[in-house]
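Here is a brief report on one chain. It takes up a surface site, a buried acid, the overall fold, charge pairs and backbone angles.

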Amino acid sequence: MKRYQVFIGNAWQDSASREVFQSYNPFTGEPWSEIPKCDARDVDAAVEAAHDALYSGEWGRMAPTQRGALMRKLGDLITRDAEKLAAVEVRDNGKLLAEVNGQVRYLPQWLYFYGGLADKINGAVVPIDKPDMFTYTLREPVGVVAAIVPWNSPLMLMMWKLAPALAAGCTFVLKPSEHTSASALEFAALMQEAGFPPGVFNVVTGFGKDVGDPLTVHPKVAKIAFTGGEAAGRTIMENAAPSFKRLTLELGGKSAQIVFPDADLDAAVSGGIAGIFAATGQTCIAGSRLLVHESIYDAYLDRFVASAKTARMGDPMEMGTQVGPVTTKPQFERILSYIEIAKGEGARCVLGGNAAGRPECGSGWFIEPTVFADVRNDMRIAQEEVFGPVVSVIPFREDEEAYAIANDTSYGLAAGVWTFSIKRATVAPKRLRAGTVWVNTYRTASFLMPFGGVKASGFGRENGIEAINQYLETKSVWLSYEAETKNPFVMR
């Protein structure tokens, strides 16, 4: 069994307590690695290292062009080790190798993009209305960033935060999920190899109360970037409030895909399948509500169920596998409980509804792709985030009814629209209260496009040029041409 160490100040070390906990392979249900169990002492060491690197170390004095060069070098190292990183992540969280491999190979693009922006962060000269004054602004790093990422896509969601933070000149303390810490620690070795100065990137592992709470209340943390559940997001906001820390929160979702009567039915079925089953439903943007026009409802449902029945379940390391295991045992049990809730509410289960008993699933935590038909939007299965391979199919009559149903949720992360109508394709994104709207596609992301939610799905944006502003502060500078001679008690 592999035993990892944490990464603080460019050094590998055991946790202060020297305690460890086990990480489990979701496909086998067996432990495969030991992860350091950190506490507030490790958090303090990591934050101090990050603070020193920014305010008294080499990183804070480094020219932006040099920062960009280091980022590009890191991108090249990720490309070199992409296969290794992907294999570790799949072993840790059970996501399909076919998907994780693509994600990891795409990560360097974030570093190349934001590395190119590092020396293009400009202040401005302000043509002020005061005589004998020269005024300008500076754009400076917000400070030490604490990043907390979930277990479903740890490396990708880390990079969405790390790349703009590094380009802005911030330093970074990462807390990965206690369920999937191994890939972050493997990644730290590449930061070290790339030549980043000590303290720029630090990883502390462990549990929320032991690590997350001390990190989010630490007085030297200036900003928190979090992806995860709504309850944890609320706790982080409470922890950040006393010291007014900056926040970016990307929380849960209950995303709707609307299938209009003029849609390409085959494409809409494929998009619906990909939106909910491709990541075993373990994604914040899962299209867990399918809103289908009543005129095509039966035809769509028949095709959708027929397609879902063909899903190949099994070892996520096999490239032909289409549905992998649930990442953790508690999540596995939670999904099954929601299936029972849906049945009790009167939703009609037309596919799945049970733990998978297929031989190819072995002893892992698998759940059959599950489809509930004739769901009402007020049912819990349609309102609460299940985070599993469970979809609710809901009929609608009119376009306005579809928009109302789609918006009738506390969340607002994403939505999908399937139509051949230019009018619908342009009207729907305006009517839907979601941070991302896909039209005739679903579950696509890029380093160039901002991503984030509204309502209970959080606030702030990751990716795109917009994201770098989340890690910068504006400083105003006033320079007088003359010595002060006027009344000092009067504001000029």
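## Surface, core and charge pairs

Tyrosine 481 is exposed, with a relative accessible area of 55%. Exposed means over 50% relative accessible area, buried under 20%, and partly exposed in between, with a 1.4 Å probe and protein chains only. The model is predicted: local features need pLDDT of at least 70, side-chain atom pairs count only at pLDDT 80 or more, and totals for chains, interfaces and linings use all residues. Residues are numbered from 1 along each chain as its sequence is written, and side-chain values use heavy atoms, without hydrogens and water.

Tyrosine 481 sits in the segment after strand S21 (472–480). Helices (H or I, at least four residues) and strands (E, at least two) are DSSP runs, numbered from the N terminus. With Val125, Phe134 and Leu479, Tyr481 makes a nonpolar surface patch of about 390 Å². Patch residues have over 30% relative accessible area and no salt bridge; nonpolar side chains (Val, Leu, Ile, Met, Phe, Trp, Tyr) are joined within 5 Å, like charges within 9 Å. Areas come from the Shrake-Rupley method with a 1.4 Å probe; for residues, only the protein chains shown count as cover.

The chain has 17 helices and 21 strands. Its radius of gyration is 24 Å, close to the 23 Å that the globule rule gives for 492 residues, so the chain is as compact as a globular protein of that length. The radius is taken over C-alpha atoms; the rule is 2.2 Å times the number of residues to the power 0.38. The C-alpha trace spans about 80 × 55 × 40 Å along its principal axes. Of the 492 residues, 56% count as buried. The accessible surface comes to about 19,800 Å², with 54% belonging to carbon and sulfur atoms.

Which side chain of opposite charge is nearest to glutamate 250? It is lysine 161, 6.1 Å away; glutamate 250 is buried yet has no salt bridge. Here Lys and Arg count as positive, Asp and Glu as negative; His and the chain ends are not counted. Glutamate 250 belongs to strand S12 (residues 246–250). Its contacts (heavy atoms within 4.5 Å) include Phe226, Cys284 and Phe451, leaving out residues up to four places away in sequence.

Elsewhere, the structure holds 27 salt bridges. Each is a side-chain nitrogen of Lys or Arg within 4 Å of a carboxyl oxygen of Asp or Glu. Three of them are listed here.

| Acid | Base | N to O distance |
|---|---|---|
| Glutamate 99 | Lysine 95 | 3.5 Å |
| Glutamate 178 | Lysine 175 | 3.5 Å |
| Glutamate 400 | Arginine 431 | 2.7 Å |

The pair of glutamate 400 and arginine 431 links distant parts of the chain: helix H15 (residues 399–407) and helix H16 (residues 422–431), with the two residues 31 apart. Glutamate 400 is partly exposed at 44%, and arginine 431 is partly exposed at 37%. Salt bridges with shared partners also join Lys2, Lys84 and Glu186 into one network. Glutamate 99 and lysine 95 are both buried. Lysine 175 is buried at 3% relative accessibility, whereas glutamate 178 is partly exposed at 21%.

Backbone angles come last. Most residues other than glycine have a negative phi. Phenylalanine 244 has a positive phi, near 55°. This residue lies in the loop between helix H10 (230–240) and S12, exposed at 66% relative accessibility. Lysine 455 also has a positive phi, near 55°. Lysine 455 lies in the loop between strand S19 (436–439) and strand S20 (458–459).
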